[in-house]
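User: I'm new to this one and I'd like to understand the reasoning behind the labels people put on it. Could you show it to me and let me ask as we go?

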Amino acid sequence: MTEKTPRLRAALDGVPTYKPGKRDAGSGTVSYKLSSNENPHSPLPGVMESVTSAAASFNRYPDMACTELMETLSERFGVPVDHLATGTGSVGVAQQLLQSTVDPGDEVIYAWRSFEAYPIITQISGAKPVQVPLTADEEHDLDAMADAITERTRLIFVCNPNNPTGVAIPRAELERFLDRVPGDVLVVLDEAYREFVRDENVVDGLELYRERANVCVLRTFSKAYGLAGLRVGFAVAHPEVAAALRKTAVPFGVTQLAQDAAVKSLKSEDALLERVEGLVAERARVSRELVTQGWTVPESQANFVWLRLGDRTTDFAAACDEAGVVVRPFPGEGVRVTIGETEANDLFLQAAAAFRKEL
């Protein structure tokens, strides 16, 4: 047998592996998963029926053009069909964006800490990640991000609200930043948590896309719509960018189940809004209680809260495990806690209070 091994891309050296939220506390107690920003509710009315119907056609490929979904998105958001592209979750579309914009050695700017997939998909594409630290208030340092732009910059990710801190960028600050970005640099507004935003100062990215040809908006059905397991997301961008995204999409990547479930979910928005309002109310309750306990909690506009714990992060996550609730630790930095069922939130708050008393 030859001793040689296949030659792999050097760009993969040092690429971090994506770490999903832990699934099981493993303590033998009732376990709630608050580590992946999933919606705790079952699918919206009619979704299960549409998925069951689509399952009868497993022997056929899905509609590669996602025709009905594209038309429904076009109607719902008031954008032309040729301004839309779909993919396997918003992270799948984000990877298509990099495939469409960067060559080896080009630069991609994003805040840090932000969405864990950004450095992975950037390095896989062969581009150079340029990470700009958040401010002391857990906010995007937009001035520093603008200062980091060079002639090699091709794309900028702006996660708004930011994952994992939950902090959102006000309209005026975002517009000032966009004014500083050259027109040939694509700015991607990653709005996976847009449905949970209640701060009127936070602009809907679709308004900015309509005004600026270099703005692309990412959305997903994984969070508010509760379709995380089906992997369907979409981008809204101007025709040249959207066409490039459709070229770089994995053929038949979005299954027919996902397409049909997304269409049905879009047509069940009254039920969606009711569920989201319940989660937003729970977010406010959890945040208030944490502040009362003495924690510093950034104002979240997403479906999670963030606690910066530094070297206490791992111990805090272990304490939550023991209490029967799984959170998402970022060792040495902090924990992100999804807003889940009331019972799960109560367990988390009890664990946080007990941990606080031991400090």
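Analyst: Here is a predicted model, and what follows is a set of questions about how its labels come about.

User: Let's start with Lys 223. Why is Lys 223 called buried?

Analyst: Buried means under 20% relative accessible area. Lys 223 has a relative accessible area of 15%, so it counts as buried. You'll find Lys 223 in the loop between strand S7 (215-220) and strand S8 (233-236).

User: Which residues does Lys 223 touch, leaving out those up to four places away in sequence?

Analyst: Lys 223 touches Ser 36, Asn 37, Asn 39, Ala 192, Tyr 193 and Phe 196. Touching here comes down to heavy atoms within 4.5 Å.

User: What does UniProt say about Lys 223?

Analyst: The unreviewed UniProt entry annotates Lys 223 as "modified residue: N6-(pyridoxal phosphate)lysine". Keep in mind that such annotations may be inferred rather than shown by experiment. UniProt also lists residues 33-346 as "domain: Aminotransferase class I/classII large", again from an unreviewed entry. Over residues 33-346, the chain is 40% helix and 17% strand, with the end C-alpha atoms 13 Å apart.

User: What makes Asp 184 exposed?

Analyst: The cut-off for exposed is over 50%. Asp 184 has a relative accessible area of 64%, so exposed is the right word. Asp 184 sits in the loop between helix H6 (171-180) and S6.

User: And why are Arg 231 and Phe 252 called partly exposed?

Analyst: Partly exposed is what lies between the 20% and 50% cut-offs. Arg 231 comes in at 32%, so it lands in between. Phe 252 does too, because its relative accessible area is 33%. Arg 231 belongs to the loop between S7 and S8, while Phe 252 is in the loop between H8 and helix H9 (256-266). Each has a positive phi of about 60 degrees although it is not a glycine.

User: How do you know that helix H4 is largely enclosed?

Analyst: Of the 8 residues in H4 (residues 117-124), 7 are buried, so the helix is largely enclosed by the rest of the structure. The buried ones are Ala 117, Tyr 118, Pro 119, Ile 120, Ile 121, Thr 122 and Gln 123. They pack against H3, strand S3 (107-112), strand S4 (128-133), strand S5 (153-159) and strand S6 (186-190). After H4 comes Gly 126, with a positive phi near 90 degrees.

User: What makes strand S6 largely enclosed?

Analyst: With 5 of the 5 residues of S6 buried, the strand is largely enclosed by the rest of the structure. Leu 186, Val 188 and Asp 190 are buried on one side, and Val 187 and Leu 189 are buried on the other, so to speak covering both faces.

User: How do you know that S5 and S6 pair?

Analyst: Two strands pair if there are at least two bridges between them. S5 and S6 have 5 bridges, in the parallel sense, so they qualify. Cys 159, for instance, stands opposite Asp 190 in S6. S8 passes the test with S2, because 4 bridges join them, running antiparallel. S7 and S8 are also antiparallel and joined by 4 bridges, with Arg 219 opposite Phe 234 in S8.

User: Where are Glu 139 and His 140 in relation to the largest cavity?

Analyst: Both are in the lining of the largest cavity, along with Leu 142, Val 167, Ala 168, Ile 169, Pro 170 and Glu 173. That lining has 5 nonpolar, 1 polar and 2 charged residues. The cavity has a volume of about 40 Å³.

User: Why is that one called a cavity, and the second largest pocket a pocket?

Analyst: A cavity is space where a 1.4 Å probe fits but cannot get out, whereas a pocket is open, so the names follow from that. The second largest pocket holds about 360 Å³ of space. It is lined by 23 residues, with Thr 86, Gly 87, Gln 96, Ala 249 and Val 250 nearest its centre. H3 gives the most to the lining, with 4 residues.

Terms used:
Residues numbered from 1 in each chain as written. Predicted model: local features only at pLDDT ≥ 70, side-chain atom pairs only at ≥ 80, totals over all residues. Heavy atoms only, no water. Helix = DSSP H or I, 4+ residues; strand = E, 2+ residues; numbered from the N terminus. Buried < 20%, exposed > 50% of the residue type's maximum accessible area, 1.4 Å probe, protein only. 1 Å grid on protein atoms, 1.4 Å probe; cavity = no way out; pocket = protein on both sides within 12 Å on 5 of 7 lines; lining within 4 Å. Points joined across faces, edges and corners; volume = space filled by probe spheres on them. Nonpolar A, V, L, I, M, F, W, Y, C, P; charged D, E, K, R; others polar.
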